[in-house]
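Here is a short report on helix packing and on a handful of individual residues. Keep the sequence and the coordinates open while reading.

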Amino acid sequence: MNRIWLLCISGGILFAFFHQDGEVINEVVLQVGKDTFDFVVPLLCVTCFWNGVLNVAKDAGFLKVMKRIFHPVLRRLLPDVKNEQALGYIATNIVVNMFGLGSAATPAGLQAMKLLQEENPDKERASRAMITFLVLNTAGVTLFSTSIIAIRAAFHSQDVLAFMPFAILATFFASFVGLMVDRWWNYRE
């Protein structure tokens with residue numbers, strides 16, 4: 001893939017030079033840097049803000065309350081998991097993902113997978129619990145998509161939150177279908 005990108009970029013530069021458009025390359029290189037900076041800085045600021053809110057919620061005990069709420073549901077979805085700490089990490093991952101903070105949810109997800117792998121009898125294949133967790137993590141319901149809100153705000157959307165009902169419905173149905181396929185696949189044996 002790197003070779004393909006190198007070939008495309010080199011071909012574009014050579015084409016511009018042969019058609020005496022060297023200043024176009026200069027303009028594009030300078031503009032890409034500015035555009036990237038203008039796009040990344042607001043997104044980074046929003047991510048930092050919501051990660052701070054997440055830390056406040058964690059210190060206030062909100063995540064523990066959410067774990068207790070999700071524990072009975074997770075116990076039914078993941079009946080093979082014996083490790084309570086793994087269920088706690090899974091609940092944390094799901095709750096944080098619900099608020100659109102995927103980067104903040106990653107450490108909890110990795111810890112959960114590590115603990116699930118310890119319980120896994122076949123270390124070469126993913127267990128049923130690992131697959132179900134992956135479905136929950138990938139297609140999970142998002143109630144407040146902070147990243148999309150930040151992107152829409154950075155591009156001066158007229159109604160930054162207009163997409164939210166559709167995003168909630170789409171992620172709900174993705175989770176529902178993903179879990180139904182997971183149940184059918186894992187328990188058809």
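How close do the axes of helix 4 and helix 5 come, and at what angle do they cross? This is a predicted model. In it, the two axes come within 8 Å and cross at roughly 155°. Angles over 145 degrees count as roughly antiparallel. Helix 4 and helix 5 are therefore roughly antiparallel to each other. Their crossing is left-handed. On the helix 4 side, the contact is made by Gln85, Ala86, Tyr89, Ile90, Thr92, Asn93, Val96 and Asn97. Helix 5 contributes Gly102, Ala104, Ala105, Ala108, Gly109, Gln111, Ala112, Leu115 and Leu116. Sorted by class, this contact has ten nonpolar residues, seven polar residues and no charged residues.

**Helix 6**

Helix 6 spans residues 128–138. Which of its residues are buried? They are Ala129, Met130, Thr132, Phe133 and Leu136. Viewed down the axis of helix 6, these buried residues fall within an arc of 165°, so they line one face of the helix. The partners come from several parts of the chain. The buried residues of helix 6 pack against helix 3 (62–77), helix 4 (84–98), helix 5 (102–119) and helix 8 (164–187).

**Single residues**

The table lists accessibility for five residues.

| Residue | Location | Relative accessible area | Class |
|---|---|---|---|
| Ser175 | helix 8 | 11% | buried |
| Thr142 | loop between helix 6 and helix 7 | 16% | buried |
| Val181 | helix 8 | 47% | partly exposed |
| Val29 | helix 2 | 55% | exposed |
| His156 | loop between helix 7 and helix 8 | 69% | exposed |

Start with the buried pair. Thr142 sits in the loop between helix 6 and helix 7. Buried means under 20% relative accessible area. Thr142 has 16%, so this loop residue counts as buried. What does Thr142 touch, leaving aside its neighbours within four places in sequence? The contacts are Asn97, Met98, Gly100, Ala167, Ile168 and Thr171. One of them, Asn97, also takes part in the contact of helix 4 with helix 5.

Ser175 lies in helix 8. Its relative accessibility is 11%, so Ser175 counts as buried. With neighbours within four places in sequence left aside, Ser175 is in contact with Ala139, Gly140 and Val141.

Helix 8 also holds Val181. Is Val181 buried or partly exposed? Its relative accessible area is 47%, so Val181 is partly exposed. Val181 and Ala112 are 69 residues apart in sequence. In space, their C-alpha atoms are 22 Å apart.

Now the exposed pair. Val29 belongs to helix 2, residues 22–60. At 55% relative accessibility, Val29 counts as exposed. Val29 and Ala86 are separated by 57 residues in sequence and by 47 Å in space, C-alpha to C-alpha. Ala86 is one of the helix 4 residues in the contact with helix 5.

His156 lies in the loop between helix 7 (146–154) and helix 8. At 69% relative accessibility, His156 counts as exposed. What is notable about its backbone? Phi of His156 is near 60°, a positive value in a residue other than glycine.

Technical notes:
Residues numbered from 1 in each chain as written. Predicted model: local features only at pLDDT ≥ 70, side-chain atom pairs only at ≥ 80, totals over all residues. Heavy atoms only, no water. Buried < 20%, exposed > 50% of the residue type's maximum accessible area, 1.4 Å probe, protein only. Helix = DSSP H or I, 4+ residues; strand = E, 2+ residues; numbered from the N terminus. Arc of directions from axis to C-beta. Contact = heavy atoms within 4.5 Å. Axes fitted to C-alpha atoms, helices over the stretch in contact; angles between N-to-C directions. Parallel < 35°, antiparallel > 145°, perpendicular 65-115°, else oblique. Left-handed = near helix turned anticlockwise from the far one by under 90°. Nonpolar A, V, L, I, M, F, W, Y, C, P; charged D, E, K, R; others polar.
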